[in-house]
2 protein chains.
Amino acid sequence: MKVSTAIALQRLQPEAVGMPMYRAVKRELLRAIESGAVAPGDALPAEAMLAQQMGVSVGTLRRAVDDLVAEHIVVRRQGRGTFVAMHGSERFLFQFFHVERSDGLRQAPEVELLSFEKSRLDDEAATALGRRLGEPCLQIENRLRLQGRPVVHDRLWLPALLFRGLTEKRFRERPSTIYHLYQTEFGITVARAHERLRALSADRHAARVLGVAQGQAVLQVRRVALDLGAQPVEWRISTVATAQHDYVNLLSRPV
Amino acid sequence: MKVSTAIALQRLQPEAVGMPMYRAVKRELLRAIESGAVAPGDALPAEAMLAQQMGVSVGTLRRAVDDLVAEHIVVRRQGRGTFVAMHGSERFLFQFFHVERSDGLRQAPEVELLSFEKSRLDDEAATALGRRLGEPCLQIENRLRLQGRPVVHDRLWLPALLFRGLTEKRFRERPSTIYHLYQTEFGITVARAHERLRALSADRHAARVLGVAQGQAVLQVRRVALDLGAQPVEWRISTVATAQHDYVNLLSRPV
DNA sequence: CCCAATTTGTTCGTATGTATA
DNA sequence: TTATACATACGAACAAATTGG
């Protein structure tokens, strides 16, 4: 694991910016992370070093990092350093996967690839991704199992321009989560997402994949995933069989 | 609006507590708010005053208040003060109401009371509320309209012991949201909630209330609302007609 | 096992800026 | 205008966790 001792950073002048210093510092750090100057998993330079480089006090630097921590963009470890957050199963489960068994049992799903093909963005996907209709994309279909049972059917649309060189083989042989693959192989970090949920009747395809009766009520989750710069990078429609599982949402978890 | 100039607060000794001072300060402030020493809408004493009373620096005091702000328990207003957060339509919409029209239009619902009766907790409600089976409760049924259309059917279970003296008249004639009523009339502040969502087929009752076909897929939201001390105070089952509306969830909103 | 160096975590105090009444 | 309150920024000291010798 690389430890950055110094990275290219702007020295900030007080008042030169129309915002508080700690905001400018945050933007500068974000820029360095987005640009790849510090890769996921790497440690940032120490706080004292960063503060000196950018010409601000340690307190101001920490204020900026506090924000990045709150957004899960970096993680602090006392005695070790501050690291660019990496996507892995823990974070996936915590931040991006909301389905668990009705009795509260929470486990990582087993993912099974159903299909992988080059395609073009339809109207809905193009709109969601803020891209042009008909733009080339990769379309991927997964089935997720929990406790051995098929529970989620995922369909993903990825703009081909953002994922150049992604093949079925590379996708299938990823060592960790999908978002980990985006991050390590394509420099795309999913920072947050918007989801819209609705109930509908399972169509023939979804029913077959999930092993439920056609017409059965299922939960549909439509997600746009955004990168660090808030640019849409993935459009996903998940269908969830909620006979024995729930979609869980915690409103205002305690700190 | 009352402005507290001094409230009963413990003076904290460093090291006397097995946690950082700012955590102890936060707990002490929470205690004061829970006890009603500062009522919702009231201003806390100024930061300098609080810091002096509790024997900590302003920086430490602010660190504690930062946490309370993040949890929406208090709100700061520069130049005015720090206020105990009040439940109102804005907060309701922002934190506890997740249904909006599919095109993204977000409005406060019109609420219509369908029934109000004294009852007893069934197994499911008792479990959710952490109370004994058969304990007296109030059971309330509402219909919520968005853009004139019936969209949500709510059933609420309230432990009678926590809402003594709540009558249909008082409930019906509340001037604002339900959570505002809990807060102002019963000293119960809903601070957060857990929700579990699933899809199912509308039963006859829900279908009639929402004006959809029986057997139509609808979204069911089961919510436990917790007060400041994390005690369950309300159990609610909402049924949402998602033909033209969605349940919206923002994962990691930016700060 | 202990020590020393490094890094983040906590706490203090002070000064100045900005918004409000 | 003045006073008050929160917001930003600085600098310093020590505590706690980690790592490597």
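How much of the accessible surface of chain A belongs to carbon and sulfur atoms? Hold on to that for a second while I say hello, and mention that what you see here is a predicted model. The answer is 50%, out of an accessible surface of about 12000 Å².

Let's stay with chain A and get to know it. Its secondary structure comes to 8 helices and 10 strands. If you draw a box around the C-alpha atoms along the principal axes, that box is roughly 65 × 45 × 35 Å. There are 255 residues in the chain, and 51% of them are buried.

How do the parts of the chain meet each other? Take the contacts in chain A with a separation of 6 or more: 60% of them come from residues 24 or more positions apart.

Now a word on charge. Chain A carries 36 positive and 28 negative charges, and the mean positions of those two groups are 1 Å apart.

On to the partner, chain B. Which numbers of residues go into the contact from each chain? Chain A gives 39 residues, and chain B gives 39 residues too. Together the two chains bury about 3100 Å² between them, with 49% of that area on carbon and sulfur atoms.

The interface has charged pairs as well: 7 salt bridges are found across it, between chain A and chain B. If you'd like one to look for on the screen, try A:Arg198, which pairs with B:Asp246 in a salt bridge. The closest N and O atoms of A:Arg198 and B:Asp246 are 2.8 Å apart.

That's my tour, thanks for listening!

Definitions and conventions
Residues are numbered from 1 along each chain as its sequence is written. Chains are lettered from A and ligands numbered from 1 in the order in which they are written. This is a predicted model: local features need pLDDT of at least 70, side-chain atom pairs count only at pLDDT 80 or more; totals for chains, interfaces and linings use all residues. Side-chain values use heavy atoms; hydrogens and water are left out. Helices (H or I, at least four residues) and strands (E, at least two) are DSSP runs, numbered from the N terminus. Buried means under 20% relative accessible area, exposed over 50%, partly exposed in between (1.4 Å probe, protein chains only). Contact means heavy atoms within 4.5 Å. Accessible areas come from the Shrake-Rupley method with a 1.4 Å probe; for residues, only the protein chains shown count as cover. Lys and Arg count as positive and Asp and Glu as negative; His and the chain ends are not counted. The place of a charge is taken as NZ of Lys, CZ of Arg, CG of Asp or CD of Glu. Buried area is the accessible area (1.4 Å probe) that two parts lose on being put together, summed over both. A salt bridge is a side-chain nitrogen of Lys or Arg within 4 Å of a carboxyl oxygen of Asp or Glu.
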